[in-house]
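Work through the exercises below with the sequence and the structure in view, and try each task before reading its solution.

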Amino acid sequence: MHLSEGIVSMPVLLAGGALTVAGTIVGLKKIDEDHLMTTAMLSATFFVASLVHVPIGPGSVHLLLNGLMALILGWACIPAILVALILQAVFFQYGGLTVLGVNVVIIGGGGLLGSCCFRPLLRRPKWRKAAGFGAGFLSVACAALLLCATLVTTHQDFIGTARVVFVAHLPVMVVEGVMTMFIVSFLAKVQPEILGLTHD
Amino acid sequence: MNFEQWAEGSSILHGASPHIKLIGALCFCFAVASCQHMQPVLAGLVLACVGLLLAQIPLGSLYKRLFLVNIFTLVCWLTLPVTVPGTAITHLGFLSISREGIDMALLITVKTNTLVLMFITLIATSSVADLGHGLQRLKVPPKLCLLLLFSYRYIFVIHAEYKRLKRAALFRSFKPTTSSHTYRTYGNLLGMTLVKGWQRARRVQQAMLLRGFSGEFISLHSRDVRPADWLILAGALCSTFIVLVLEYSGGAL
């Protein structure tokens, strides 16, 4: 899901950077002193989740969980994802300095877009599983679309590559949807406060 | 698990102030990212290699990282020569390979590797703790720096916790396959990791409040900027300048 360095053109890099700065400012405003530690811990957990490889057919995919992160944190997921991506760049050189902004927009923006309409549904126990699946699925779909949009606005000729990339993400969407569904229903049973719910 | 394999060392780059290296890396990387020509990017690659030698990074440790980074460039090599219109050099069945496509894929490959090597030279030679303090000195919002420092502090704890849960599942004959049971198990494992992290966060938060945490982390390594730092900044800015001059002379020098 990450774009590596050296692919995206300068105007797109700058636009991504500007959007990330704006999103981070909004997100940081939503985090008060009491929630700083919780947000950091969630950021670390999502970093760990990205190291988890889930089998699918003969291969495996690593998890993204941007939908779950947006469900739990709302706008605060932007700085949290920024931090997780900085750590991934420093540790594994996934992404990098110049594409950091674009990657945050793809993953964080995708998460926010994909999960916004499912957040209210979490309060209804009957709809919870569907909301989890929808948020996970749609967040990766939005992220993949944003990724393709980045490629195509960089250069028209990337349209073929963008198609390949989008199709490659189709199974990831399903896996993310299923995983988000299971995690959401687990959290709702065990520690509903994380999702902003109270015990049923 | 050691994530920061290059952060320890005694080279001039390891000893430099992180915020100076951050400024240098930002200038150089954006200059290279803006290039449209091959020559300036190749010059950047040479300069990045010089940086690697200065940082005394064992070249053998780079292969794995570069391999992972180049997965996307491989996708570019497989798609661009076929999809980009232009002068055909050869035909494969009904597909024609265009020179423009190959040039584009080549430029992307060299650019990607240059940027990653420079990133390793300048950024990965500092630990994240030092980078966090470097960001603080660059006037990045303190909340964001704290977020970075706390996440970094707890990644290892949470990773160990996840591995413990996973081991417990494996002891109970859990075999990952493509099945609903596997996904449910992974979901529960990650859910439990989240719950534990969340509860730990609350305990740590209370403990820090009790000890009078004022919202600022104090680094043990913070110190003034030394002449060697200015030397590194000058080197990075000169490299940036060379790349930009080559680029804006139209790659014709």
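A cavity is a set of grid points where a 1.4 Å probe fits but cannot get out, and the residues that line it have an atom within 4 Å of a point. The model used here is a predicted one.

**Exercise 1. The second largest cavity**

Task: Find which residues line the second largest cavity, and sort them by class.

Solution: Begin with the volume, which for the second largest cavity is about 50 Å³. Next, collect the lining: from chain A come A:V90, A:F91 and A:Q93, while chain B brings B:F3, B:E4, B:Q5, B:W6, B:R65, B:A124 and B:S126. Finally, sort these residues by class, which gives 5 nonpolar, 3 polar and 2 charged.

**Exercise 2. The largest cavity**

Task: Determine which helix gives the most to the lining of the largest cavity, and which residues are the closest to its centre.

Solution: The structure holds 3 cavities of 30 Å³ or more, and the largest of them has a volume of about 140 Å³. Its lining is made up of 14 residues, of which A:F46, A:L64, A:A84, A:Q88 and A:I107 are the closest to the centre. Turning to the elements, helix 2, helix 3 and helix 4 of chain A each supply at least two residues of this lining, and helix 4 of chain A gives the most, with 4 residues. By class, the lining of the largest cavity divides into 9 nonpolar and 5 polar residues, with no charged ones.

**Exercise 3. The largest pocket**

Task: Describe the largest pocket by its volume, its lining and the elements that supply that lining.

Solution: The volume of the largest pocket is about 1,200 Å³. It is lined by 35 residues, and the closest to its centre are A:M1, A:H2, A:H62, A:Y94 and B:I71. Strand 2 (59-62), helix 4 and helix 7 of chain A each supply at least two residues of the lining, as do helix 4 (62-83) and helix 7 (142-171) of chain B. Sorted by class, the lining of this pocket has 22 nonpolar, 11 polar and 2 charged residues.

**Exercise 4. The contact between the chains**

Task: Work out how many residues each chain brings to the contact, and which helix of chain A gives the most to the side that touches chain B.

Solution: Count the residues, which come to 73 from chain A and 71 from chain B. Together the two chains bury about 6,300 Å², with 80% of that area on carbon and sulfur atoms. Then look at the pairs across the interface: there are 0 salt bridges between chain A and chain B, whereas 9 residue pairs are in polar contact. Among the elements of chain A that each supply at least two residues to the side touching chain B are helix 1 (10-30), helix 2 (33-49) and helix 7 (159-190). Helix 2 of chain A gives the most, with 16 residues. By class, this side of chain A has 52 nonpolar, 16 polar and 5 charged residues.

**Exercise 5. The salt bridge**

Task: Locate the salt bridge, and explain why the pair ties together separate parts of the sequence.

Solution: Over all chains, a search of the whole structure finds 1 salt bridge. The side chains of B:E161 and B:R200 form it, at 3.1 Å from N to O. B:E161 lies in helix 7 of chain B and B:R200 in helix 8 (residues 180-210) of chain B, so this pair ties together parts that are 39 residues apart in sequence.

Definitions and conventions:
Residues are numbered from 1 along each chain as its sequence is written. Chains are lettered from A and ligands numbered from 1 in the order in which they are written. This is a predicted model: local features need pLDDT of at least 70, side-chain atom pairs count only at pLDDT 80 or more; totals for chains, interfaces and linings use all residues. Side-chain values use heavy atoms; hydrogens and water are left out. Contact means heavy atoms within 4.5 Å. Buried area is the accessible area (1.4 Å probe) that two parts lose on being put together, summed over both. A salt bridge is a side-chain nitrogen of Lys or Arg within 4 Å of a carboxyl oxygen of Asp or Glu. A polar contact is a pair of N or O atoms within 3.5 Å; within protein, one must be able to donate a hydrogen and the other to accept it, and residues adjacent in sequence count only if both atoms are side-chain atoms. Ala, Val, Leu, Ile, Met, Phe, Trp, Tyr, Cys and Pro count as nonpolar, Asp, Glu, Lys and Arg as charged, and the others, Gly among them, as polar. On a 1 Å grid over the protein atoms alone, a cavity is a set of points where a 1.4 Å probe fits but cannot get out, and a pocket is an open set with protein on both sides within 12 Å along at least five of seven lines; lining residues have an atom within 4 Å of a point. Grid points are joined across faces, edges and corners, and a volume is the space filled by probe spheres set on the points.
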